[in-house]
Amino acid sequence: MLDWFSNLELLPKIYWSIAIVASLVFIIVMILAFVGGDADDLGDVDSDIDGDSGIGFQFLTFKNVVSFFTIFGWSGIACLDAGFSTPLTLVVSTVCGLLMMIIVASLFYFMNKLTDSGTLNYDNAIDAVGEVYLTIGADRSRMGKVSVNVQGTMRELDALTDSLTDLKSGTIIKVVDVTSNGILIVDHTRKPIEPTETKIQELDSGENHLLNS
């Protein structure tokens, strides 16, 4: 194996080295991605390369770069075996690598879209009644947290208030709005007032008086 590799010319050595290393990393990345680990387990390299995690379709990511070099290497080897010239080999392998990047980027984009379809829609929290979990500062001075039931699940979400007084832990609140970045705007509300024992007795005596008359 080593003798075969040492007898190769410089360009084939480069392509074989790139193809083998990139293929091994590509296999690891794909396994992590499809079992739920994703390439973030390799040290958050995706986010470092992206620069903007808010972009929906991410082209320049670690997964895509690995995909590029994997296909770049193997397509270059195929071109050299077919007798292509060095310039043509470089062009064909580069184009193949870029096409692979587009395919992988599209694959993960649509996978993320499917995942997002089942995630929390903050607008569903509007009009929900809950309880302050961490004190919320008056007039949006400090963010707190509230516990509210959204989409059938009790959740602890970030919240602000326009109230002129702090909403302390345990305060019953109602969600009145949601900001564009998913922060709840809440206001103080009250629990339904239960009839007191005195009022119940008054009602009973009134009913008895009517019956007797």
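Helices here are DSSP runs of H or I that hold at least four residues, numbered from the N terminus. In this predicted model, G83 follows just after helix α4 and adopts a positive phi of about 90°. The points below take up that helix, then the surroundings of Y15, and then the pairing of three strands.

**Helix α4**
- Helix α4 covers residues 62-81, and because each of its 20 residues should add 1.5 Å under an expected span of one less than the residue count, a span of 28 Å is anticipated, which agrees with the 29 Å that separates its end C-alpha atoms.

**Surroundings of Y15**
- Y15 belongs to helix α2, which runs over residues 10-34, and Y15 counts as buried because its relative accessibility of 1% falls under the 20% cut-off.
- When neighbours within four places in sequence are set aside, the contacts of Y15 are F72, G73, G76, I77, L80, T89, L90 and S93.
- Although Y15 and A78 lie 63 residues apart along the chain, their C-alpha atoms are separated by 9.8 Å.

**Strands β1, β4 and β5**
- Strand β1 (residues 129-134) and strand β4 (residues 172-178) run antiparallel and are joined by three bridges, with K174 in β4 serving as the bridge partner of V129.
- Strand β4 also pairs with strand β5 (residues 184-188) in the antiparallel sense, here over five bridges, and I173 stands opposite H188 of β5.
- Five residues lie between β4 and β5 in the hairpin that these strands form, and within the turn G182 has a positive phi of about 85°.

Key: Residues are numbered from 1 along each chain as its sequence is written. This is a predicted model: local features need pLDDT of at least 70, side-chain atom pairs count only at pLDDT 80 or more; totals for chains, interfaces and linings use all residues. Side-chain values use heavy atoms; hydrogens and water are left out. Helices (H or I, at least four residues) and strands (E, at least two) are DSSP runs, numbered from the N terminus. Buried means under 20% relative accessible area, exposed over 50%, partly exposed in between (1.4 Å probe, protein chains only). Contact means heavy atoms within 4.5 Å. Two strands pair if DSSP finds at least two bridges between them.
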